[in-house]
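Me: I would like to learn how to read a structure like this one. Could you take me through it feature by feature?

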Amino acid sequence: MAEAAAKEKSLAGSGTEAEQTDGFNLIIDALKLNGLTTIYGVPGIPITDFGRIAQASGIRVISFRHEQNAGNAASIAGFLTKKPGICLTVSAPGFLNGLTALAHATTNCFPMILISGSSEREIVDLQQGDYEEMDQLAIAKPLCKAAFRVLHAADIGIGIARAIRAAVSGRPGGVYLDLPAKLFGQVMDAEEGRKSLVKVIDAAPAQIPGPDAVKRALDVLKGAKRPLIILGKGAAYAQADDAVRAFVEKSGAPFLPMSMGKGLLPDTHPQCAGAARSTVLKDSDVVVLVGARLNWLLSHGKGKTWGEPHSKRFIQIDIEPKEMDSNVEIAAPVVGDIGSCVSALLQGMGAAWPKPPADWTGAVSAKREENVAKMAPRLMNNNSPMDYHGALGVLRTVIKERPDAILVNEGANTLDLARGIIDMYQPRKRIDVGTWGVMGIGMGYAVAAAIETGKRVLAVEGDSAFGFSGMEVETICRYKLPVCVVVFNNDGIYRGTDVNPAGPDPATTVFVKGARYDKMMEAFGGVGVNATSPDELKRAVNAAMDSGKPTLINAVIDPAAGSESGRIGNLNPQSKLRKK
Ligand code: OXT
Ligand code: ADP
Ligand code: MG
């Protein structure tokens, strides 16, 4: 850096008038040229000045308390906007803290770029013990979609262009960009620098499906007696909302939204089969997957969830050809982007597409109504301490009255019950733990949702889940974000009732009893409320959503109300030796 400054000085001293630029400014110019105007990160050596210069140049730089939360923010910014979310970290430990989020983005198919400062190559490669030395590029590579390093200022434009294209084209994912400290201060002629920048044209080109694939899919769908459409988060990401809705409605088939696909069509839509999940998975004969993988969340497309073996034919719409036949045979693969694929199907369906048999749609509706009716009275209770249904009944109304608010959700029981109970009405309004079921996305997602959309955010958090990113309530207060966090405080992971029979240490799943998470928000100037009944909860959430003030509500939940691992307790291995 000193070398660069000296060079600049000597050029100035020698009477050379040529304007100069440096790595700091070239990175900023390259990001701005490509419409990337928000950075989520944590400052420190060697990127502190970069954050300052970026902020001064009009980029919004959101500083977090921990890189994982900044990374999660960037990942969900990518999902919400279809542009890569940018996360900026310092070397080794900061980089590693951001890496979980980068891998999470890749797993969930969210476009994101983790830009990390790094130590000097010469020292790292000889392993001479530089400050925060680590071969970051090598470590990132297997955990993301692509990884690049830029060594020369003149290559910054190309490096950033490659990162953007890799993140958003085809199946979106996480990209790592390694920027050694020396690069930031490298100086070059400003005009040459300007010319070296690259504006990425058509970063995620449309991928049109083949006409044969479209015809094959329509033939399979036409032959269906009990069709089902599953809408995954890829369909939400694609922002082809009108086409997806038109396709579902023209097909007349029941649709099942995956968690983050909720709201593409409202959960209250007459074709929605969210409340008849088991029935439609088991009894359908043709299943159309739209941006949803047959992974663990769909029991891999087989087993008893799916009824009789070989009783289904699958049509799968996905941008990633390798996804086809990943778990079971796909009778009609339709490879392309969802907007193009769904539009092509719609066109092929013509004006008069036959509706599915009424005995199928009628049976699904009857099951849905039965389940909804069964649930309804439980949502009205005003018990204190609250149970999940009483508390979530309140939050369901909050979202019904504010359908454009963003709902962030994590936990086990807090997640699984909220997913079923809180109806969504608009696309990309529900963001949650995703493909990994990972805890810790909460506050990072809440911050990015508020920043990227300008909407109100309601974060519904298990007390354990909240703990993974809870310190970011300070970030929420610092940036005065309209985020209302509701911590479902049941004194622990799944339940607060476990006892350690062997000694004085608490059981492994329980926390301090009667903790007051609301005080955390008060510590930073936000509003804290302790709510012990659904009525109190309703008043507090409505006030927060109306005022937009940072608020944390400690919702006191009966410690005995939850079940082990929520709805996925079946995934726990059981010890044959555990003593009673
Ligand atoms: O059709 P049937 O009869 O089957 O009924 C279904 C629907 O039809 C019906 N339904 C409805 N009925 C009426 N009305 C309406 N509106 C309605 N809607 C639906 O309800 C049932 C259920 O429907 P659902 O939910 O759609 O179906 P199902 O069968 O559950 O679907 C299956 C799945 C797999 C798709 C679904 O369950 C799912 O998406 N699950 C995701 C689960 C998940 O990801 N969980 C998070 C991970 S759990 C665990 O790992 C945790 N950890 C460990 C840990 C993690 N994760 N990460 C890290 C970094 N470290 C550690 C930890 C620490 S959770 C956790 C913390 C937990 O404690 P907290 O305090 O945070 O939370 P609490 O539990 O609250 O204490
Ligand atoms: P869910 O968890 O909701 O079921 P998944 O994350 O499993 O969803 O699946 C999302 C799928 O969507 C991925 O296979 C991904 O390749 C695909 N996808 C993402 N964006 C697009 C797009 N624009 N067009 C087509 N497919 C997409
Ligand atoms: Mg809990």
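**Reading the model**

Reply: Start with one residue: V200 is buried, because its relative accessible area is 13%, where buried means under 20% relative accessible area, exposed over 50% and partly exposed in between (1.4 Å probe, protein chains only). This is a predicted model: local features need pLDDT of at least 70, side-chain atom pairs count only at pLDDT 80 or more, and totals for chains, interfaces and linings use all residues. Residues are numbered from 1 along each chain as its sequence is written, chains are lettered from A and ligands numbered from 1 in the order in which they are written, and side-chain values use heavy atoms, with hydrogens and water left out.

Me: Where does V200 sit in the chain?

Reply: Look for the elements on either side. Helices (H or I, at least four residues) and strands (E, at least two) are DSSP runs, numbered from the N terminus. V200 is in the loop between helix 10 (190-196) and helix 11 (211-222). Now check sequence against space. V200 and N34 are 166 residues apart in sequence, yet 6.7 Å apart in space, C-alpha to C-alpha.

Me: Is S119 buried or exposed?

Reply: S119 is buried, with a relative accessible area of 4%. Its place is the loop between strand 5 (112-118) and helix 6 (121-125). Compare its distance to K222. The two are 103 residues apart along the chain, and 59 Å separates their C-alpha atoms.

Me: How many residues of strand 7 are buried?

Reply: Strand 7 covers residues 174-180, and 7 of its 7 residues are buried. Next, look at the faces. In a regular strand the side chains alternate between the two faces of the sheet. In strand 7, G174, Y176, D178 and P180 point one way. V175, L177 and L179 point the other way, and all of these residues are buried.

Me: Which strands pair with strand 7?

Reply: Count bridges. Two strands pair if DSSP finds at least two bridges between them. Strand 5 pairs with strand 7 in the parallel sense, over 7 bridges. One bridge partner in strand 7 is P180, which faces S118. Strand 6 (residues 146-149) also runs parallel to strand 7, joined by 4 bridges. There, A146 stands opposite V175.

Me: Which side chains of strand 13 are buried, and which are not?

Reply: Strand 13 spans residues 332-335, and its side chains alternate. A332 and V334 point to one face and are buried. P333 and V335 point to the other face and are not buried. Strand 12 (residues 313-318) runs parallel to strand 13, with 4 bridges between them. Q316 is opposite P333.

Me: On to the ligands. Which residues are closest to ligand 2?

Reply: List the shell. A residue is near a molecule if one of its heavy atoms lies within 4 Å of it. Ligand 2 has 19 residues around it, and the closest are R171, K233, R293, D318 and I338. By class, 8 are nonpolar, 6 polar and 5 charged. Here Ala, Val, Leu, Ile, Met, Phe, Trp, Tyr, Cys and Pro count as nonpolar, Asp, Glu, Lys and Arg as charged, and the others, Gly among them, as polar. Helix 12 (residues 233-237) gives the most to this shell, with 3 residues.

Me: What polar atoms of R171, K233 and D318 lie by ligand 2?

Reply: Read the N and O pairs (a polar contact is a pair of N or O atoms within 3.5 Å). An N or O atom in the side chain of R171 is 2.8 Å from an oxygen atom of ligand 2. For K233, a polar side-chain atom lies 2.6 Å from a ligand 2 oxygen. For D318, a side-chain N or O atom is 2.5 Å from an oxygen atom of ligand 2. The protein covers 97% of the 580 Å² of accessible area that ligand 2 has on its own, with areas from the Shrake-Rupley method and a 1.4 Å probe.

Me: Why does ligand 2 lie between two domains?

Reply: Domain 1 (2-196) and domain 2 (211-369) both give residues to its shell, so ligand 2 lies between them. The domain bounds come from an automatic or database domain assignment.

Me: How many residues surround ligand 1?

Reply: The shell of ligand 1 has 34 residues, and the closest are S278, Y388, T414, R419 and D463. They divide into 17 nonpolar, 12 polar and 5 charged. Helix 18 gives the largest share, 6 residues. Domain 2 (211-369) and domain 3 (381-564) both supply residues, so ligand 1 lies between them.

Me: Which backbone atoms lie by ligand 1?

Reply: A backbone N or O atom of G420 lies 2.9 Å from a nitrogen atom of ligand 1. A polar backbone atom of M439 is 3.1 Å from a ligand 1 nitrogen. For A276, a backbone N or O atom is 3.5 Å from an oxygen atom of ligand 1. The protein covers 79% of the 1,400 Å² of accessible area that ligand 1 has on its own.

Definitions and conventions
Polar contact = N/O pair within 3.5 Å; in protein donor to acceptor, adjacent residues only side chain to side chain.
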